[in-house]
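Subject: Structure handover

Hi,

Here is the structure I promised to pass on. Please open it alongside this note.

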Amino acid sequence: MRTLYGVTVPMVTPFTERDQVDEKSLRSLTEFLIETGVSCLYPAGTTGEMLIMDVEERKLLAETVIEQNRGRAVVYIQVGAMNQRDTIALAKHAVGAGADGIAVVTPGYFKLSDQELLTYYQRVSASVPEDVPIYLYGIPQCAGNDFSPELVEKIADICPNIIGIKYSGPDMVKIQQFMRVRGGAFSVLCGVDDLFAASVLVGGDGVISGIAQALPEHYVAVWEALKEGNRERAEAIMRRIWEFNEVLGGLNSIVKLKAILKYRGVIAGTEMRAPLCSLGKEREERLCRMLEKMHFKEIKD
């Protein structure tokens, strides 16, 4: 099984002015990320605006990225949806399209018990072949539902093809607890950029970062430094990443990433799927000028 590791990017979804998936820009983004050295591609995550897209659009995302990738990077499709029927349909499609694996965010809005979450993941696990690897995806600040270490242990015991978790809650203690699942054999990736290096140093497998697609050079450099055991360099670059995150994180973070990717010539536009909104030309230009003053393309350590 090809696992998630290193710098995994939850890709933005470029849209045209007519509110359709911009396939040309999506292919360009795929090439850009592979060329800049990211480890894995992760379409249809939170950064990809997945829950305000329909099933057919999400299938198009998966097909386009997998086709353009041509086996070069690892590709996992995030298939979690607002209901189990759509989740399973997207899971089966991703496998058929040639994905290396799938990720499944917790269902949102309705508060679920641990038993309901366990049953949900059992059904998703059983819907695909046993050799298809699956990652859990926890983002409690958005989805409302959360994983406890005890629940993850139960899921891992019952579903052998669930091999890891992306956890986007800012809880380093819980992230480390997930690393004990299956006696330490469970794959854990941090979804909080600021904890990237810290989580790897205690046994994590990498980061899944939306901001990494706008600044891949920095994130890849941190990963390379960590692999080489050069903690001092990793820490120095992380300090730069923290500065960039103050600018690119928070409210309107997705459209900020699109603005930088447009500025870098990777995608054509910054259109968002309603009810999300674009920044507007003046704010986009101000953001790009700010990052230029920060010399955002330069690796300083």
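Below are notes on the pockets, two helices and two serines.

Please keep in mind that this is a predicted model.

**Pockets**

Start with the largest pocket. It holds about 1,100 Å³ of space. Its lining counts 42 residues. Nearest the centre are Thr-46, Thr-47, Ile-139, Cys-142 and Ser-253. Three elements give two or more residues to this lining: α5 (140–143), α10 (231–248) and α11 (253–263). Of these, α11 gives the most, with four residues. By class, the lining of the largest pocket has 24 nonpolar residues, 14 polar ones and four charged ones.

The second largest pocket has a volume of about 180 Å³. Its lining is made of Ala-259, Lys-262, Tyr-263, Gly-280, Lys-281, Glu-284, Glu-285, Cys-288, Arg-289 and Glu-292. Here α11 and α12 (281–293) each supply at least two residues. The most come from α12, which gives six. The class split for the second largest pocket is six charged, three nonpolar and one polar.

**Helix α1**

Helix α1 covers residues 23–35. Does its length agree or disagree with the expected rise per residue? It agrees, because 13 residues at 1.5 Å a residue should span 18 Å, and the end C-alpha atoms of α1 are 18 Å apart.

Asp-22 caps the N-terminal end of α1. One of its side-chain oxygens lies 3.3 Å from the backbone nitrogen of Lys-24. After the helix comes Gly-37, with a positive phi near 95°.

The buried residues of α1 are Ser-25, Leu-26, Leu-29, Thr-30, Glu-31, Phe-32, Leu-33 and Ile-34. They pack against two strands, β1 (6–9) and β2 (40–41). They also pack against the helices α2 (55–69), α9 (216–228) and α11.

**Ser-25**

Ser-25 sits in α1. Its relative accessibility is 4%, so it counts as buried. Which residues does Ser-25 touch, not counting those up to four places away in sequence? They are Pro-14, Val-266, Ile-267 and Ala-268. Take Val-266: it is 241 residues from Ser-25 in sequence, yet the two C-alpha atoms are 6.9 Å apart.

**Helix α10**

Now to α10, which also lines the largest pocket. This helix has 18 residues. From first C-alpha to last, α10 reaches 25 Å, close to the 26 Å expected at 1.5 Å a residue. Its buried residues are Ala-234, Ala-236, Ile-237, Met-238, Arg-240, Ile-241, Phe-244, Asn-245, Val-247 and Leu-248. What do they pack against? Their partners are α8 (196–201), α9, α11 and α12. Gly-250 follows α10 and has a positive phi, near 75°.

**Ser-168**

Last, a loop residue. Ser-168 lies between β6 (162–167) and α7 (172–178). Is Ser-168 buried or exposed? It counts as buried, because its relative accessibility is 6% and the cut-off for buried is under 20%. Leaving aside neighbours within four places in sequence, Ser-168 is in contact with Tyr-137, Gly-138, Ile-139, Gln-141, Gly-191 and Val-192. One of these contacts, Ile-139, is also among the residues nearest the centre of the largest pocket.

**Where to look**

For a quick tour, begin at α11. It lines the largest pocket and the second largest pocket. The buried residues of α1 pack against it, and so do those of α10.

Best wishes

Definitions and conventions
Residues numbered from 1 in each chain as written. Predicted model: local features only at pLDDT ≥ 70, side-chain atom pairs only at ≥ 80, totals over all residues. Heavy atoms only, no water. 1 Å grid on protein atoms, 1.4 Å probe; cavity = no way out; pocket = protein on both sides within 12 Å on 5 of 7 lines; lining within 4 Å. Points joined across faces, edges and corners; volume = space filled by probe spheres on them. Nonpolar A, V, L, I, M, F, W, Y, C, P; charged D, E, K, R; others polar. Expected span 1.5 Å × (residues − 1). Buried < 20%, exposed > 50% of the residue type's maximum accessible area, 1.4 Å probe, protein only. Contact = heavy atoms within 4.5 Å. Polar contact = N/O pair within 3.5 Å; in protein donor to acceptor, adjacent residues only side chain to side chain.
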